[in-house]
Amino acid sequence: MEKAISHAIVRGYAAKLDAALELDVAIVGAGPSGLVCGEVLARAGMSVAIFERRLAPGGGIWGGAMLNNEIVFQEDLAPELERYGIRAEPAEAGLLRTDSVETAAALIYGAVHAGVKLFNAVTVEDVVYKEDRVGGVVINWTTVLMQRLEVDPLAVTAGAVLDAGGHDARL
């Protein structure tokens, strides 16, 4: 049984990674912006992968404001929240309040179910240049980079690259 479990994991991940080596769009960062962008592009029929350096996708949204797991949106975003099934309560001054954990989970679910390939604990360490333009990303395991191990990365080609890394965007 142990071998069967390990075999299923290795084969599934290898197939997902193999399918992501050539993409329409590579997105760096699985925070709210990367997840929503990825979901919209995947629903439009594009092959999309998101590379998130942290173990948990969702970016800083999980903690809400100062670890109060509540976040606030302008009320004109109500249709988008409803589209994801995110419950929102009216707040002051034309604002809506949502639970940050529910919001993060809904955005992750929406992206993955739209067809986005999501790779967590994978850091984009460089870009690929093709014909004088950015044509992909260079990836490696986050833990490999944290330990400063001398391990060659992999290259992923893409028609477009989006840096959705948030506050600490690196590209």
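**Entry 1: ground rules and the first pair**

For my purposes today, a salt bridge is a side-chain nitrogen of Lys or Arg within 4 Å of a carboxyl oxygen of Asp or Glu. I am working on a predicted model, and I keep that in mind throughout.

With that rule in hand I went to E70 and R97, whose side chains meet in a salt bridge at 3.2 Å, N to O. E70 sits in strand β3 (residues 70–74) and R97 in strand β5 (residues 95–99), so this pair ties together parts that are 27 residues apart in sequence. I then looked up how covered the two partners are. E70 counts as partly exposed at 34% relative accessibility, and R97 also counts as partly exposed, at 30%.

I stayed with R97 a little longer and found a salt bridge to E89, where the closest N and O atoms are 2.6 Å apart. E89 has a relative accessibility of 45%, so I noted it as partly exposed.

**Entry 2: the other salt bridges**

How many salt bridges does the count come to by this rule? I get six.

One of interest to me is E39 with R83, with 2.9 Å between the closest N and O atoms. Here I am looking at distant parts of the chain, since E39 belongs to helix α2 and R83 to helix α3, 44 residues apart. Is E39 buried or exposed? At 1% relative accessibility, E39 counts as buried, because the cut-off for that label is under 20%. R83 has a relative accessible area of 41%, so I put R83 down as partly exposed.

**Entry 3: stepping back to the whole chain**

I counted five helices and nine strands in the protein. Reading from the N terminus, I wrote the order down as α-β-α-β-β-α-β-β-α-β-β-β-α-β. The C-alpha trace spans about 50 × 50 × 35 Å along its principal axes.

Next I checked burial: of the 171 residues, 36% count as buried. The accessible surface comes to about 10500 Å², and 57% of that belongs to carbon and sulfur atoms. I also looked at contacts between residues at least 6 apart in sequence, and 56% of them join residues at least 24 apart.

**Entry 4: the largest pocket**

On to the pockets. The largest one has a volume of about 450 Å³. I find 24 residues lining it, and the closest to its centre are E52, A164, G165, G166 and D168. Which elements give two or more residues to this lining? They are α2 (32–43), β2 (48–52) and β7 (122–130). Of these, β7 provides the largest share, three residues. Sorting the lining by residue type, I get nine nonpolar, nine polar and six charged.

**Entry 5: the second largest pocket**

The second largest pocket holds about 160 Å³ of space. I listed its lining as P32, V36, I61, F73, L77, E80, L81, Y84, I86, T103 and L107. At least two lining residues come from each of α2, α3 (78–83) and α4 (100–114). By type, I sorted this lining into nine nonpolar residues, one polar and one charged.

A last cross-reference for my own use: helix α2 appears in the lining of the largest pocket, in that of the second largest pocket, and as the home of E39 in the pair with R83.

How values were computed
Residues are numbered from 1 along each chain as its sequence is written. This is a predicted model: local features need pLDDT of at least 70, side-chain atom pairs count only at pLDDT 80 or more; totals for chains, interfaces and linings use all residues. Side-chain values use heavy atoms; hydrogens and water are left out. On a 1 Å grid over the protein atoms alone, a cavity is a set of points where a 1.4 Å probe fits but cannot get out, and a pocket is an open set with protein on both sides within 12 Å along at least five of seven lines; lining residues have an atom within 4 Å of a point. Grid points are joined across faces, edges and corners, and a volume is the space filled by probe spheres set on the points. Helices (H or I, at least four residues) and strands (E, at least two) are DSSP runs, numbered from the N terminus. Ala, Val, Leu, Ile, Met, Phe, Trp, Tyr, Cys and Pro count as nonpolar, Asp, Glu, Lys and Arg as charged, and the others, Gly among them, as polar. Buried means under 20% relative accessible area, exposed over 50%, partly exposed in between (1.4 Å probe, protein chains only). Contact means heavy atoms within 4.5 Å. Accessible areas come from the Shrake-Rupley method with a 1.4 Å probe; for residues, only the protein chains shown count as cover.
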